[in-house]
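Work through the exercises below with the sequence and the structure open beside you. Try each task before you read its solution.

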Amino acid sequence: MNFQQAVQTCFRKYVEFSGRATRPEYWWFILAYVISAFVAGFIHEFLYYLVVLAFLLPLLAVGARRLHDVGRSAWFLLLGLVPVIGTLVLLYFMVQPSQAESNAYGPPSGAMPAGI
């Protein structure tokens with residue numbers, strides 16, 4: 001998955017908290033957010049807040065799907081509220097490789113469901 005595909009996929013699934021998201025999908029989208037927020041911050045403060053607001057739900061959704069991809073519950077996103085330790089634990093989860101087999105959250109991304 002390349003940069004453009006990841007951004008399109010994440011915005012298309014902006015409120016889809018079920019399923020799985022691969023590492024490239026997650027990290028390309030994070031990069032798109034950081035670049036957009038950085039550029040918007042230089043242009044105007046109001047534009048920065050619009051970018052943050054526009055990316056809020058897609059970021060939560062792709063974070064939940066990424067945690068599902070490594071076999072964790074989306075509730076682990078709440079660890080981000082714990083100042084330093086929570087953020088480091090979340091970062092550790094997000095860099096883990098995808099589970100190759102199906103898990104409780106579905107088949108690996110790109111795999112065809114059984115029966116199709």
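**Exercise 1. Find the residues that form one aromatic cluster, then examine two ring pairs: Tyr26 with Trp27, and Tyr48 with Tyr49.**

Step 1. The aromatic cluster consists of Phe11, Phe29, Tyr33 and Phe55. Rings of Phe, Tyr and Trp (its six-membered ring) pair if their centres lie within 6.5 Å; planes under 30 degrees apart count as stacked, over 60 as edge-to-face and the rest as tilted. This is a predicted model, in which local features need pLDDT of at least 70 and side-chain atom pairs count only at pLDDT 80 or more, while totals for chains, interfaces and linings use all residues. Residues are numbered from 1 along each chain as its sequence is written, and side-chain values use heavy atoms, with hydrogens and water left out.

Step 2. By the ring rule, the count comes to ten aromatic pairs. One of them is formed by Tyr26 and Trp27, whose ring centres are 4.9 Å apart and whose planes stand at 85 degrees, so this pair is edge-to-face. The rings of Tyr48 and Tyr49 have centres 5.5 Å apart and planes at 65 degrees, so this pair is edge-to-face.

Step 3. For accessibility, buried means under 20% relative accessible area, exposed over 50%, and partly exposed in between (1.4 Å probe, protein chains only). Tyr26, at 11% relative accessibility, therefore counts as buried, whereas Trp27, at 31%, counts as partly exposed. Tyr48 is partly exposed with a relative accessible area of 31%, and Tyr49 is partly exposed with 47%.

**Exercise 2. How many salt bridges does a search of the whole structure find, and which residues do they join into one network?**

Step 1. Side chains of opposite charge can pair when their charged atoms come close. The rule used here asks for a side-chain nitrogen of Lys or Arg within 4 Å of a carboxyl oxygen of Asp or Glu, and the search finds three salt bridges.

Step 2. Arg20 forms a salt bridge with Asp69, with their closest N and O atoms 2.8 Å apart. This pair links distant parts of the chain, since Arg20 is in the loop between α1 (3-12) and α2 while Asp69 is in helix α3, 49 residues apart. Helices are DSSP runs (H or I, at least four residues), numbered from the N terminus.

Step 3. Glu25 forms a salt bridge with Arg65, the closest N and O atoms being 3.1 Å apart. Here too distant parts of the chain are linked, with Glu25 in helix α2 and Arg65 in helix α3, 40 residues apart. Both Glu25 and Arg65 are buried.

Step 4. The side chains of Asp69 and Arg66 meet in a salt bridge at 2.7 Å, N to O. Being three residues apart in helix α3, Asp69 and Arg66 are separated by about one helical turn. Salt bridges that share partners thus join Arg20, Arg66 and Asp69 into one network. Arg20 and Asp69 are buried, and Arg66 is buried as well.

**Exercise 3. Why can the buried residues of helix α4 be said to line one face of the helix?**

Step 1. In helix α4 (residues 85-94), the buried residues are Gly86, Leu90, Phe93 and Met94. Seen down the axis of α4, these residues fall within an arc of 95 degrees, so they line one face of the helix. The arc is that of the directions from the helix axis to the C-beta atoms.

Step 2. The face of α4 turned away from the buried side carries the exposed residues Ile85 and Leu88. What covers the buried residues of α4 includes α2 and α3, where contact means heavy atoms within 4.5 Å.

**Exercise 4. Is Gly63 buried or exposed, and with which residues is Gly63 in contact when its neighbours within four places in sequence are left aside?**

Step 1. Gly63 has its place in helix α3, and Gly63 is buried, with a relative accessible area of 1%.

Step 2. With those neighbours left aside, Gly63 is in contact with Tyr26, Leu77 and Met94. The C-alpha atoms of Gly63 and Leu77 are separated by 7.2 Å, although these residues are 14 residues apart along the chain.

How values were computed:
Helices (H or I, at least four residues) and strands (E, at least two) are DSSP runs, numbered from the N terminus.
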